[in-house]
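User: I'm new to protein structures and I'd like to learn how to read one. Could you walk me through it, one feature at a time?

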Amino acid sequence: MLEQKIQKAISKAFAELYNHELAEGEIGLQPTRKEFEGSYTFVVFSYLKVTKGKPEDSGAQIGNWLKENTDFIKAYNVVKGFLNLEVADLTWTETLQEIVADGNYRTIPENGQKVMVEFSSPNTNKPLHLGHLRNNFLGDSTSRILAANGYEVKKVNLVNDRGVHICKSMLAYQKLGNGETPESAGMKGDHLIGKYYVKFDQMYKEEINSLVDKGMDPEEAKKGAPSIKEAQEMLQKWESGDAETVALWEKMNGWVYEGFDKTYETMGIEFDTMYKESNTYLLGKELVDEGLEKGIFFKKENGSVWVDLTDEGMDEKLVLRGDGTAVYMTQDMGTCDMKHKDFPFDKSVFVVGNEQDYHFKVLFAIMKKLGRTYADGLYHLSYGMVDLPTGKMKSREGTVVDADDLLQEMFDTAEQHTRELGKIEGMEPEEAKNLYRMLGLGALKYFLLKVDPKKRMLFNPQESIEFQGHTGPFIQYTHARISAILRRGKSLEVQSNFNPKMVGELSKREIDLIYKITEFPSALQESGREYSPAVMAQYVYDLAKEYNGFYQEVPIFNEENKDKLAFRIALSSITAKLIKQSMYLLGIEVPERM
């Protein structure tokens, strides 16, 4: 493409002017700053040892050579050590023609590598909440981006369906449920079970307060409260296969899965494989034996097994308790092996909140010490907490920001906002309803994905739904606007092909838009390399903004030159395709009309 063409020419300039071989890969070009003429900037400072001249003189020598010896650089200017290059209009027009003709422009060829992306991983004792939304959207979008970068991707969900926290809901239901079902309660299954998780917490707190009032130490009261003891006994019964306990567990978890499925469907999220912790929690003990045999782990006097990671800047970490029971690390080690056996991945991405940063650092170090060949491909896609203007999300107190409620609120807000702006005139009720869902979900996904995953963020529902500014609906509306232009072009029977030589002079707006279009492959590669949908989100926003500037300043249909009109329609068409593809990579649909 054009950038490589310029790099090649600069390499040739160095060979002829300075008798110096410069690999094209070493030559960095950056976008020219808006206040200067040009599209590409070559920074001369790094090469002064080769040019043996002042920055301004060296820049002028290279610029002059490019202008004299190529047909695609029409002018240049040097600002201190920055060489700004202006590309010939014909070259821009030919570049667009090449992109339009390239059916594979929006994806990268398969690279033969496999990547597993594990995300969502909910607990089966409560519904999904706002934090899960960020997790699900990051996992889904990262999977799509990696697939577009040529990887074979498997999306997996490891559900936390066992443990004392699950038994808490079960115990409260056993005591207070009176046979209530999702149907009799008129609730989704996950919401019903969440209700009993909250009831357990209320019961437990009352018991603690009662014990403290009788003079017991608060920490002792937390351990000695009858409810927590009963929950722990229930877990032991479950682990020993007690039929009544297992039947209750299966029934309640079944309700939760039905509820989760509905939420996933609303979000547009699917998985290739569902793993359940009830099937994986015993894994990993054979790895402990292996680690002891290899001298990587060591035993303490009480029989507990540890790994010493002090040489890697961490501490000693427990991998098996003295009584032979597993800890989370044990099962995570075993699960790594199991997943690799199921799908021999080159990379495995874990989408988990940043409170687990240290856990994953330790896990990856252990797998390396155990000599797992895949260990270098393990990656923790860590992300920050999501806050609302009203404060941090809570869970057990029943004040959690529920995912279903938030999704519905987004659909309702989208409807209200769209009606106020009169953007549904002439639409059938069903089409309008689909539009509200598309806009509401697009607003939510875009707002949560546009921020660098590592950063903690504030989600503002009202701001996210605006049709102006850095939002999903602004980009969706731009797509609908372009679609209308393309429909008009079709009705006027505008020719689809143009002759680049007949298009003539281009406006700055047209050049800037083509330049932005040429950046798509590098944005796609960077978002894949960095595991960051935020890169793609920024790219598509900039592209939509660039198109809107072009639309406002360049009268598309007032053009009498047939080739120029066809060129502008082609420019609009490829922009729409790239907006659609970029938004697809974020898991967002775009409307054809509004």
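Analyst: Let's go through this structure from its overall build to single residues. Keep in mind that this is a predicted model.

User: Okay, overall build then. How many helices and strands are there in the protein chain?

Analyst: The protein chain has 24 helices and 14 strands. Its C-alpha atoms fill a box of roughly 90 × 65 × 45 Å along the principal axes.

User: And what share of the 594 residues counts as buried?

Analyst: Of the 594 residues, 54% count as buried. The idea is a cut-off on relative accessible area: under 20% is buried, over 50% is exposed, and partly exposed lies in between. Try it on Ile 208, which sits in helix α8 (residues 189-213). Its relative accessibility is 13%, so Ile 208 is buried. While you're there, look across to Pro 218: the two are ten residues apart in sequence, and their C-alpha atoms are 7.3 Å apart in space.

User: What about the start of the chain? Where does Met 1 lie?

Analyst: Met 1 is in the segment before α1 (2-18). With 43% relative accessibility, Met 1 is partly exposed. You can also compare sequence and space here: Met 1 and Thr 41 are 40 residues apart along the chain, and their C-alpha atoms are separated by 16 Å.

User: Next one: disulfides. How many does a search of the whole structure find?

Analyst: First the general idea: a disulfide is a covalent bond between the sulfur atoms of two cysteines. In this case, the search of the whole structure turns up zero disulfides. You can still check where some cysteines sit. Cys 167 has 3% relative accessibility, so it counts as buried. Cys 336 is buried too, at 1% relative accessible area.

User: Now charges. How many salt bridges are found in the whole structure?

Analyst: The whole structure has 34 salt bridges. To spot one, look for a side-chain nitrogen of Lys or Arg within 4 Å of a carboxyl oxygen of Asp or Glu. Take Lys 300 and Glu 316, whose side chains meet at 3.3 Å, N to O. This pair links distant parts of the chain, 16 residues apart: Lys 300 is in the loop between β8 (297-299) and β9 (305-308), while Glu 316 is in strand β10 (residues 316-320).

User: Are Lys 300 and Glu 316 buried or exposed, or what else would you call them?

Analyst: Neither one; go by the cut-offs. Lys 300 has 34% relative accessibility, so it is partly exposed. Glu 316 is partly exposed as well, with 35%.

User: Which residue forms a salt bridge with Arg 372?

Analyst: That's Asp 337, with the closest N and O atoms 2.9 Å apart. Here, too, distant parts of the chain are linked: Arg 372 is in the loop between α15 (357-369) and β12 (378-383), Asp 337 is in helix α14 (residues 328-342), and they are 35 residues apart. Arg 372 is buried because its relative accessibility is 17%, whereas Asp 337, at 22%, is partly exposed. For another pair, see Asp 376 and Lys 368, with their closest N and O atoms 3.3 Å apart. Asp 376 has a relative accessible area of 65%, so it is exposed.

User: Which residues are linked in a network of salt bridges?

Analyst: Lys 34, Lys 508, Arg 509, Asp 512, Glu 546 and Glu 553 are linked in such a network.

User: And which residues form a negative surface patch?

Analyst: Glu 183, Glu 258, Asp 261 and Glu 265 form one. Helix α11 (residues 243-267) contributes the most, with three residues. Glu 183 is found in helix α7 (residues 182-185), and at 62% relative accessibility it is exposed.

User: Last feature: backbone angles. What is phi of Ser 120 near?

Analyst: Phi of Ser 120 is near 80°, a positive value in a residue other than glycine. Ser 120 lies in the loop between β5 (114-118) and α5 (130-148), and it is buried, with 2% relative accessible area. Now look at Asn 178, where phi is near 50°, again positive in a residue other than glycine. Asn 178 is in the loop between α6 (164-176) and α7. With a relative accessible area of 76%, Asn 178 is exposed.

Key:
Residues numbered from 1 in each chain as written. Predicted model: local features only at pLDDT ≥ 70, side-chain atom pairs only at ≥ 80, totals over all residues. Heavy atoms only, no water. Disulfide = S-S within 2.5 Å. Buried < 20%, exposed > 50% of the residue type's maximum accessible area, 1.4 Å probe, protein only. Patch = residues over 30% accessible without salt bridge, like charges linked within 9 Å, V, L, I, M, F, W, Y side chains within 5 Å. Areas by Shrake-Rupley, 256 points an atom, 1.4 Å probe, with all protein chains shown as cover. Lys, Arg positive; Asp, Glu negative; His and termini not counted. Charge placed at Lys NZ, Arg CZ, Asp CG, Glu CD. Helix = DSSP H or I, 4+ residues; strand = E, 2+ residues; numbered from the N terminus.
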